[in-house]
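Let's take a walk through this structure together, starting from one side chain and working outwards. Have your viewer ready.

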Amino acid sequence: MSIAEVTRTDSPVPEGAHPSVVEWVDQIAALTLPDDVVWCDGSMAEWDGLANRMVESGTLTRLNPEHRPYSFLARSDPHDVARVESRTFICSEKQEDAGPTNNWHDPREMRATLRPLFEGSMRGRTMYVVPFSMGPLGSPLSKLGVQVTDSPYVAASMGVMTRMGAAALALIGDTTTWVRAVHSVGAPLSPGEQDVPWPSSDTKYITHFPETREIWSFGSAYGGNAILAKKAFALRIASVMARDEGWLAEHMLIIKVTNPRGRVFHVAAAFPSACGKTNLAMLQSTIPGWKVETVGDDIAWLGRGDDGRLRAINPEAGFFGVAPGTGWQSNPTAMETIWGNTIFTNVALRDDGDVWWEGMSDKAPAHLVDWQGNDWTPASGRPAAHPNSRFTVAARQCPSISDDWEDPQGVVIDAIIFGGRRATNVPLVVEARDWEHGVYLGATISSERTAAAEGTLGELRRDPFAMMPFVGYNMADHWAHWLSVGADLRKTGTVPRIFQVNWFRKGADGRFLWPGFGENSRVLEWMLERVDGQVAAKDSPIGLLPHDGALNVEGLDITDDDLAELFAVDAESWRAEADATEQFFATFEGRVPAAVTKQLDLLRAKLG
Ligand code: OXD
Ligand code: MN
């Protein structure tokens with residue numbers, strides 16, 4: 001028994017907790033010196049206790065239960081409002097294994113840097129031990145982890161976002177690989193020191209040790225920096241596990257789509273952050289007979305099932321959605337999901353004790369308290385909610401959650417979509433000719449930083465597979481891994497179709513050409529009719545496009561000219577894009593797989 005343990009007032013170690021977990025928790029406690037250690041069991045009573053404690057300490061404000069039952073508002077420190085990519089590190093043994101798109105740091109040096117930061121970093125605080133399962137408890141596709149954290153906000157958020165508590169802990173046995181995640185807000189308290197509502201530190205480190213499957217996060221309590229099950233585990237560490245074990249951990253939503261003939265499809269779709277993934281995951285079809293249901297809104301783990309088909313689970317149990325822009329017009333399903341039992345972070349508070357953010361309704365209330373706690377009126381000239389303000393809510397509250405969202409075998413994926421935010425060049429929808437072409441489409445996902453003039457190309461922000469901030473290893477190796485998963489599927493099963501979409505193409509006058517939101521169901525219809533063998537497609541230099549008239553635009557207010565522009569392939573502009581892609585590939589110093597560079601050659605040849 002360590003000295004720290006003797007003086008602490010810990011909750012009892014749960015019976016049956018695996019010695020490897022107990023030993024590790026003891027080591028971290030001896031390093032960080034919390035006042036006490038609490039093992040989270042995942043019960044409702046425990047969550048209530050955490051919430052009450054945070055209301056007392058001022059971290060949470062209880063919302064008016066008449067409007068938003070059992071819901072809370074958190075206001076973060078104004079310097080702790082988003083993921084900090086510049087402080088996010090991949091500490092693989094070899095630098096080339098992190099690749100040119102990641103911040104690499106030598107693991108030994110990083111451990112030496114972190115050690116003094118974590119020494120005594122939990123003084124005056126409680127250390128919560130949070131065992132969790134990513135994916136349904138006991139599913140062969142799920143993975144286990146334990147996060148320790150000195151933030152009750154993070155412990156409570158983990159309770160929403162994962163299957164957290166005693167049942168997950170009980171699954172850790174002698175042969176289990178489990179991910180170790182250490183989190184401290186980095187704000188120890190001296191005896192008698194008054195705490196602040198949102199403790200954090202100006203020094204921030206979000207570090208990943210892929211070889212040992214460890215995460216150490218210091219200084220932030222916000223979202224992806226702190227709820228380590230999400231981006232840190234389920235994408236960065238899991239992508240490395242997936243590479244080693246032959247599956248895929250991807251930044252993808254999953255939906256179930258039923259067509260008017262009753263055929264069920266599942267679709268996984270990757271989009272960069274803030275491109276409307278949650279909206280697509282909860283889409284309400286505008287075309288008769290098509291139904292979309294939600295399996296997941298942010299992360300998919302995909303692998304070949306025993307039947308040889310690509311299967312996927314959503315490893316998360318909740319949504320950590322961006323609030324601004326979520327409204328009764330844009331995403332009524334999300335609005336219904338957050339009726340109650342929701343933690344809101346950095347949104348505005350209404351005078352009636354409910355919440356508000358830009359885009360929730362057309363008209364802003366006459367008076368609000370903004371995300372920083374200041375009075376706000378529409379004349380204030382600044383947003384009332386932080387642009388990255390969030391709702392944290394259990395997926396099971398979503399009215400469109402699909403009946404198979406927790407299937408332990410995963411759902412069969414029929415189609416994969418890659419989407420970016422492109423003002424130019426990329427049509428509304430393109431089908432890949434084959435898996436290799438699909439991998440090329442994933443590798444070239446990008447968004448335009450600046451609106452380009454007609455016939456030119458804006459500056460491209462590259463986000464391959466929408467994984468730029470999330471891949472835990474060399475991005476070019478990730479493409480090679482996709483190729484090998486495809487080759488594997490081709491040998492023994494069915495290979496899903498791959499499509500590229502772009503909801504954001506603009507006309508010469510700067511207008512969006514496509515209405516988006518619910519109307520995107522029309523694009524799903526075309527893609528899934530392709531999968532079902534109901535419609536033909538026409539070849540183009542960049543892939544397969546719908547034949548004229550094949551996209552269902554019945555009842556849609558769109559001109560023929562706009563429709564033509566949505567699908568226009570301008571050879572000159574695509575040649576410029578191919579040059580930009582060649583330059584991008586060159587940054588990987590020869591590591592881009594030959595099958596991917598071959599696709600670039602093919603594109604150029606077809607452009608003539
Ligand atoms: C997210 C992100 O929070 O992608 O999901 O940044
Ligand atoms: Mn995301």
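## A walk from the inside out

Leaving out residues up to four places away in sequence, methionine 158 touches Val130, Phe132, Gln147, Met164, Ile227, Leu228 and Ala229. Keep in mind as you look around that this is a predicted model. Methionine 158 sits in helix α6, which covers residues 152-161. Buried here means under 20% relative accessible area, and because methionine 158 has 0% relative accessibility, it counts as buried. Now try a distance in your viewer: from methionine 158 to valine 393 you should find 11 Å, C-alpha to C-alpha, although the two are 235 residues apart in sequence.

Let's move on to another helix. How many of the nine residues of helix α12 are buried? Nine of the nine are, so this helix, residues 435-443, is largely enclosed by the rest of the structure. The buried residues of α12 include Trp435, Glu436 and His437 as well as Tyr440 and Leu441. At the N-terminal end of α12 you will find a cap: aspartate 434 places a side-chain oxygen 3.3 Å from the backbone nitrogen of glutamate 436.

A little further along the chain, have a look at serine 447, which belongs to strand β27, residues 446-448. Is serine 447 buried or exposed? With a relative accessibility of 10%, serine 447 counts as buried. Its side chain reaches the backbone nitrogen of arginine 421 at 3.4 Å. Arg421 also appears among the contacts of serine 447 once neighbours within four places in sequence are set aside, together with Pro272, Gly420, Arg422, Glu459, Leu460 and Arg461.

Now zoom out to the protein as a whole. It has 17 helices and 31 strands, and buried residues make up 60% of its 608 residues. Of the contacts with a separation of 6 or more, 73% are between residues 24 or more positions apart.

What about the overall dimensions? Along the principal axes, the C-alpha atoms fill a box of roughly 75 × 55 × 45 Å. A compact globule of 608 residues would have a radius of gyration near 25 Å, and the 24 Å of this protein agrees with that.

We finish on the outside and with the charges. The accessible surface comes to about 23,300 Å², and carbon and sulfur atoms account for 50% of it. As for charge, the protein has 55 positive and 79 negative charges, and their mean positions are 3 Å apart.

Methods. Residues numbered from 1 in each chain as written. Chains lettered and ligands numbered in written order. Predicted model: local features only at pLDDT ≥ 70, side-chain atom pairs only at ≥ 80, totals over all residues. Heavy atoms only, no water. Helix = DSSP H or I, 4+ residues; strand = E, 2+ residues; numbered from the N terminus. Rg over C-alpha atoms; globule rule 2.2 N^0.38 Å. Buried < 20%, exposed > 50% of the residue type's maximum accessible area, 1.4 Å probe, protein only. Contact = heavy atoms within 4.5 Å. Areas by Shrake-Rupley, 256 points an atom, 1.4 Å probe, with all protein chains shown as cover. Lys, Arg positive; Asp, Glu negative; His and termini not counted. Charge placed at Lys NZ, Arg CZ, Asp CG, Glu CD. Polar contact = N/O pair within 3.5 Å; in protein donor to acceptor, adjacent residues only side chain to side chain.
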